[in-house]
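Okay, thanks everyone, let me pull this one up on the screen. I'll talk through the ligand surroundings and then some helix packing.

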Amino acid sequence: MTALAHSLQILATTLQQHRYLWEPEPFLLREAPWGAREPAMQDALLSLSQAEVDAMLSDSCHSETWLAHQLPSLFEVLRQWQPMSFTPQFDHQHDAMSIGIGGRKWLQIQAFHQVTQHLPAVLTCTDWCGGKGYLAAYLASHQGCQVDCIDIDQTLCEEGAQRVDQYDLPVAFHRCDALQPVANDVLANERHVALHACGELHRSLWQQTIGVAEQVCISPCCYHLGASDICQLSEAAKQSDLQLNAKELRIPLLETVTGGQQALRNRRTEQIWRLAYDRWRAEATDDPQYRPLRSVSKSLLKQDPRQFFEWAATLHGLVFDAEDQVELYLIQGERDFAMSERLGIIRQGLKRYLEYFVVLDLACYAEECGYRTNIVAFCDKSLTPRNLAVIAQRPFDPSRLPRLLQ
Ligand SMILES: C[S@@+](CC[C@H](N)C(=O)[O-])C[C@H]1O[C@@H](n2cnc3c(N)ncnc32)[C@H](O)[C@@H]1O
């Protein structure tokens, strides 16, 4: 068993044994379902001040630190494997090629490029799901390779082609669906890259290129998109104790709570009203199962809460008839919200390790196909929370050299 497969096994077993902590959806809970198992942690969670809760929910590192303090032996095991860290050197000077690219995306591209520079140089490259080819153009310009950029969106391909013409770069755009078998001449390129290819797109690209390409380097994102219920690729993950379904693949993507004061206030009001309404609905229908509501307009949140209750009841085919009880339900909603925020800290503290399992699966799949693989945190999380790159390189084999070079 390789070192990465061993790390995956340990992570899978540990996460599965602690599924009771990360599986329950905090918003649907009225109390800690693990309270009897972890009474000390429950007490600590309930005694947190609102300021402490806010600080932890705005930065998952704080949640992790707190959780690790509560459960040190769990974190000792979880932390045995970490991705390699990498510190990119940014060029903040004005660069004509950065025009039209968001500031953070521009820095992500620089960081991603620098990671691929540690691989042997190549002459040909494919940028999967490359949109207008921002990364493709950067690689062509800074690494001197010819790049095929593939994307399903015809307009993005056309705009990208016009853009690279300005710089006279060797980038060709192909409108194609990455979920379908991709043309052999594009697959034949030595290196395949993808920056933030979502869910099934990165799984499809990984399966199509591993075994064919010399190098593959991707930063995956939105793991749940297009996922079937069991979508792990490697034998190591398939045979491990942990299987993540599409819903669970969302957990690594959970946002921290950020935004201006007004946005935070709106979020808080909305969540409290939803929970308060659901208290009434559960009693009125004698059905304790939470019933979701569709998104609510901001203007409704500025009205009297009774109007929200009426709106929500109508959506559920009910008639709201407890106008004089609204204040009581709001107090309960506030209590439920405070509890769900505290329980959210647990998922925030563990979400990164579920993500490690997902990327280790990709790495192990490539290893099982004979590649040398590595996982690198290619930039700081402040630049993008999806900052992991999985890199696979086929060991050198002289029999694959073109005949003329042999
Ligand atoms: C999250 S963006 C990533 C774009 C670019 N790599 C970046 O980092 O800015 C996803 C891209 O995937 C493309 N896409 C979506 N579905 C696709 C498919 N089935 N085949 C190819 N490209 C697809 C979209 O058009 C979009 O440009």
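Before the ligand, one bit of bookkeeping: when I say a residue is near a molecule, I mean its C-beta atom, placed from the backbone, lies within 6 Å of it. And keep in mind that this is a predicted model.

So, which residues are closest to the ligand? With that cut-off, 16 residues surround the ligand, and the closest are Cys129, Gly131, Ile152, Ala178 and Leu195. Strand 5, residues 191-198, gives the most to that shell, with three residues. If you're thinking about the chemistry of the shell, it divides into nine nonpolar, three polar and four charged residues.

Okay, zooming out to domains. The domain assignment of the protein chain gives domain 1 as 93-236 + 365-399, and domain 2 as 261-340. The C-alpha centres of domain 1 and domain 2 are 44 Å apart.

Now the helices. Two packed helices get described by the angle between their axes and the distance between the axes, and I'll go through three pairs that way.

Start with helix 13, residues 261-285, against helix 16, residues 326-368. Their axes are 7 Å apart, and the packing angle is about 120°. Helix 13 and helix 16 are therefore oblique to each other, and their crossing is right-handed. On the helix 13 side, the contact residues are Gln271, Ile272, Trp273, Leu275, Ala276, Arg279 and Trp280, while helix 16 brings Tyr329, Leu330, Gln332, Gly333, Glu334, Asp336 and Phe337. By class, that contact of helix 13 with helix 16 is eight nonpolar, three polar and three charged.

Helix 13 also packs on helix 15, residues 305-315, where the axes come within 10 Å and cross at roughly 60°. Helix 13 and helix 15 are oblique to each other, therefore, and this crossing is right-handed too. Here Trp273, Tyr277 and Trp280 of helix 13 meet Pro305, Phe308, Phe309 and Ala312 of helix 15. How many polar or charged residues does this contact of helix 13 with helix 15 have? No polar and no charged ones, just seven nonpolar.

Last pair: helix 1, residues 3-17, with helix 16. Those axes come within 9 Å and cross at roughly 145°, and the crossing of helix 1 and helix 16 is left-handed. From helix 1 you get Leu4, Ala5, Ser7, Leu8, Leu11, Ala12 and Leu15; the helix 16 residues include Tyr353, Leu354, Tyr356, Phe357 and Leu360. The class count for helix 1 with helix 16 is 13 nonpolar, one polar and two charged.

That's my tour, so over to you for questions.

Key
Residues are numbered from 1 along each chain as its sequence is written. This is a predicted model: local features need pLDDT of at least 70, side-chain atom pairs count only at pLDDT 80 or more; totals for chains, interfaces and linings use all residues. Axes are lines fitted to C-alpha atoms, for helices over the stretch in contact, and angles run from 0 to 180 degrees between N-to-C directions. Helices (H or I, at least four residues) and strands (E, at least two) are DSSP runs, numbered from the N terminus. Angles under 35 degrees count as roughly parallel, over 145 as roughly antiparallel, 65 to 115 as roughly perpendicular and the rest as oblique. A crossing is left-handed if the near helix is turned anticlockwise from the far one by less than a right angle, and right-handed if clockwise. Two residues are in contact if their C-beta atoms, placed from the backbone, lie within 7 Å. Ala, Val, Leu, Ile, Met, Phe, Trp, Tyr, Cys and Pro count as nonpolar, Asp, Glu, Lys and Arg as charged, and the others, Gly among them, as polar. Domain bounds come from an automatic or database domain assignment.
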